[in-house]
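Good morning, colleagues. Please take a moment with the sequence and the structure before I begin.

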Amino acid sequence: MSEKTLPDNKGRFGVYGGRYVAETLVPALDALYEQYKIIKKDKKFLSEFHKDLKDYVGRPSPLYFAKRWTEILGGAQVYLKREDLNHTGAHKINNTVGQILLAKHMGKKRIIAETGAGQHGVASATVAARHGLDCVVYMGEEDIKRQSLNVFRMKLLGAEVVGVNSGTRTLKDAMNEAMRDWVTNVDDTYYIIGSVAGPHPYPEIVRDFNAVVGEEVIEQSINQIGKNPDVLVACVGGGSNALGLFYPFINSKEVKLIGVEAGGLGLSTGKHAAPLNDGKEGVLHGMRTYLMQDDAGQILETHSVSAGLDYPGVGPEHAWLKDTGRAEYVVADDDEALEAFKEVTKVEGIMPALETAHALSFVRKLAPTMENKQSIVVNISGRGDKDINTVASIEGIEL
Amino acid sequence: MNRIKTTFDALSSNDSKALITYIVAGDPDLETTLNIMNCMVEEGADIIEIGIPFSDPMAEGVSIQKGHERSLLNNTSINDALNLVSKFRKSNKTTPIVFMGYMNTFESMGVKEFCKAAASQGLDGLLIVDMPPEESTEFSTEAKNNGIDVIRLIAPTTNISRVKEICDVSSGYIYYISVKGITGSNDLDSEDVKQKVKLLGGETDLPIAIGFGIKDSDSALSVKDLADGIVAGSVFVDLIGEGGDTITKIAKKTKELSAAIK
Ligand SMILES: Cc1ncc(COP(=O)(O)O)c(C=O)c1O
């Protein structure tokens with residue numbers, strides 16, 4: 001069986017994935033999957049989705065050759081997949097454009113979403129505004145503080161932003177709260193999960209809607225590089241931008257897939273968000289996957305300079321790709337990410353999101369070890385405007 | 001000996017209903033939990049559900065979330081909860097105890113290890129909130145091997161064919177969730193519950209307990225004739241959260257609910 005046919009009909013990628021939710025949600029997830037199976041083959045739906053990706057999101061996003069940076073790194077040719085140029089500034093919009101059509105198709109009136117960096121919240125609020133649906137976004141109080149710009153954007157778009165005060169007050173707690181809302185309002189509400197995480201069928205749906213990224217790269221590589229790239233690199237929070245890039249290449253075994261997790265203050269300090277590197281198998285948010293947890297099975301507090309990577313779990317397909325060895329997962333810590341953020345901003349005039357900067361930081365190490373005739377494609381999952389406040393405050397600058 | 005069956009059989013021969021009460025192990029500490037358990041039994045509780053604290057209790061409302069948080073301040077573990085059962089069993093050999101919690105904490109102890117230890121300490125049933133039948137192969141087998149009932153949830157959203165499937169793999173009793181929502185919800189609609197529970201009764205011989213939204217004698221009364229038992233949780237966890245003379249307050253509340261349904 002080729003890995004591309006996963007998940008199975010129970011949503012499993014090997015032992016990972018599945019559907020670990022309270023009974024109230026099982027019928028809702030069944031209904032969602034039934035609808036999804038129909039629309040994913042429906043020509044009308046697909047043409048609407050692709051039209052929105054083109055006219056509203058601005059796809060295809062360019063594959064940009066980073067000439068100056070490549071010269072500085074002195075090795076492989078580095079190409080940037082410009083998801084930062086999408087409407088709303090990140091890859092997250094690809095998924096929300098798809099899921100909002102699904103929501104409308106199912107006759108839902110109200111959209112809810114969880115968000116960490118605020119990018120998925122903004123992307124959800126954006127499509128809800130466009131389709132005239134109510135939108136409530138759950139966001140940890142900690143993240144509301146460090147991503148205030150995106151909070152204001154969501155409000156301007158007409159969404160209600162609900163601060164979450166429980167647990168660690170970050171993305172995982174926002175997801176708990178969104179789940180609680182969904183259980184309560186399951187009849188009229190559609191929950192747009194923002195990464196390849198959560199109970200089946202979300203990991204599959206979110207992956208499929210983001211796969212346009214990798215599909216474009218296949219074509220662009222043929223035209224611009226003349227063949228498939230040798231290595232694909234992307235940051236991994238829940239894992240949607242990485243899987244969007246990786247998935248269409250899964251069966252092209254000659255292409256190396258590398259995901260970069262948030263190393264926070266360093267793996268050895270325990271203050272990080274790298275479950276694939278330093279976690280173990282468990283169950284959270286409806287899925288079986290690698291988790292950061294203690295010996296008693298309690299989920300640990302995570303740390304990352306980037307809110308979008310500050311999550312103790314990871315999409316189940318990544319857990320599977322790791323175990324099978326098809327993809328490799330490394331870490332970049334806060335400092336390394338900040339260095340890469342600055343370098344790429346200065347050298348290429350492209351200011352990446354702090355999440356993305358983790359991927360770029362690994363490219364800095366990798367490119368010099370490769371040959372000139374080889375190439376790397378790195379997913380610029382988002383732009384850095386939202387992170388200006390964070391970077392300034394690290395530098396001790398008040399804006 | 002199966003205490004859950006014995007309890008429901010005795011109640012039904014008296015034409016009486018089960019009062020099932022829920023508190024979180026170690027909220028605010030294990031000694032208090034043990035005292036509350038004994039007090040509840042004294043005031044008319046027939047079955048006690050013990051919540052196993054988890055960092056991410058996705059199906060709980062604010063009241064019970066806070067109970068979990070208070071308990072985790074002392075790092076209450078699943079082993080602590082098992083010790084609690086064994087202490088309780090020293091003086092009480094008849095009242096069934098059910099653990100209610102989330103998959104990850106049980107699994108991290110090991111499914112087999114947990115079920116074995118639980119049986120030897122005197123646990124009777126297990127309700128894992130985020131474990132629908134599709135994901136419970138290992139638990140079902142191990143629980144059965146050790147004589148522990150696996151209690152399952154049925155929700156207002158569960159359709160009839162699924163009700164059948166769930167009933168087929170349940171034991172002990174069926175927990176009917178009376179509202180779409182999380183624990184501590186307010187808007188219990190007894191007409192709706194009546195219809196659903198009637199359907200449910202046609203599919204199983206197991207006793208049916210109704211939970212979510214029951215907090216006083218009125219709400220208890222409104223559903224008591226529909227099923228074999230009622231579950232009350234958030235109201236007790238709130239009383240614990242208030243502090244003060246917890247035991248007295250819990251005794252009074254247990255008595256109120258018991259009087260309403262007996
Ligand atoms: C720009 C950007 N990149 C990456 C991520 C991480 O998410 P994922 O791993 O699902 O791509 C986020 C999440 O907020 C983001 O905003």
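Which residue of chain B forms a salt bridge with A:Arg288? The partner is B:Glu107, and the closest N and O atoms of the pair are 2.6 Å apart. I should state at the outset that this is a predicted model.

Let me stay with the interface. Across the boundary between chain A and chain B, the rule finds 5 salt bridges. There are also 22 residue pairs in polar contact between the two chains, counting pairs in which both residues have a pLDDT of 80 or more. On the side of chain A that touches chain B, the elements that give two or more residues are β2 (16–20), α1 (26–39), α8 (171–184), β11 (280–284) and β12 (286–291), all of chain A. Of these, α8(A) gives the most, with 8 residues. By character, the residues on that side of chain A divide into 13 nonpolar, 12 polar and 10 charged.

As for extent, the size of an interface is often given as the accessible area lost when the parts come together. Here, chain A and chain B bury about 2700 Å² between them, and 49% of that is on carbon and sulfur atoms. Within chain A, the residues that lose the most area to chain B are A:Glu23, A:Arg180 and A:Gln298, which together account for 24% of what that side buries. In terms of residues, the contact takes 35 from chain A and 33 from chain B.

I turn now to the first helix of chain B. Which residues of α1(B), residues 3–13, are buried? They are B:Arg3, B:Ile4, B:Thr7, B:Phe8 and B:Leu11. These residues lie on the same side of α1(B), because they cover an arc of only 125° around the axis. The general principle is that an α-helix has 3.6 residues a turn, so residues three or four places apart point the same way. On the other side of α1(B), B:Lys5 and B:Ser13 are exposed. The buried residues of α1(B) are covered by elements of chain B including β1 (18–24), β2 (47–51), α4 (78–91) and β3 (97–101).

The two ends of this helix also deserve a remark. At the start of α1(B), a side-chain oxygen of B:Asn2 reaches to within 2.9 Å of the backbone nitrogen of B:Ile4. After α1(B) comes B:Asp15, whose phi is positive, near 60°.

Three individual residues complete the presentation. Is A:Asn379, in strand β14 (residues 375–379) of chain A, buried or exposed? A:Asn379 counts as buried, because its relative accessibility is 0%. A polar atom of the A:Asn379 side chain lies 3.0 Å from the backbone oxygen of A:Asn241. Apart from neighbours within four places in sequence, A:Asn379 has contacts that include A:Lys81, A:Glu83 and A:Thr356.

In chain B, B:Phe114 sits in helix α6 (residues 111–121) and is likewise buried, with a relative accessible area of 0%. Leaving aside neighbours within four places in sequence, B:Phe114 is in contact with several residues, among them B:Phe99, B:Phe106 and B:Phe139. B:Phe114 and B:Asn79 are 35 residues apart in sequence, and their C-alpha atoms are 8.9 Å apart in space.

Finally, B:Asn145 belongs to helix α7 (residues 137–145) of chain B. B:Asn145 counts as exposed, because its relative accessibility is 56%. B:Asn145 is 26 residues from B:Ala119 in sequence and 9.7 Å from it in space, C-alpha to C-alpha.

Methods: Residues are numbered from 1 along each chain as its sequence is written. Chains are lettered from A and ligands numbered from 1 in the order in which they are written. This is a predicted model: local features need pLDDT of at least 70, side-chain atom pairs count only at pLDDT 80 or more; totals for chains, interfaces and linings use all residues. Side-chain values use heavy atoms; hydrogens and water are left out. Contact means heavy atoms within 4.5 Å. Buried area is the accessible area (1.4 Å probe) that two parts lose on being put together, summed over both. A salt bridge is a side-chain nitrogen of Lys or Arg within 4 Å of a carboxyl oxygen of Asp or Glu. A polar contact is a pair of N or O atoms within 3.5 Å; within protein, one must be able to donate a hydrogen and the other to accept it, and residues adjacent in sequence count only if both atoms are side-chain atoms. Helices (H or I, at least four residues) and strands (E, at least two) are DSSP runs, numbered from the N terminus. Ala, Val, Leu, Ile, Met, Phe, Trp, Tyr, Cys and Pro count as nonpolar, Asp, Glu, Lys and Arg as charged, and the others, Gly among them, as polar. Buried means under 20% relative accessible area, exposed over 50%, partly exposed in between (1.4 Å probe, protein chains only). The arc is that of the directions from the helix axis to the C-beta atoms.
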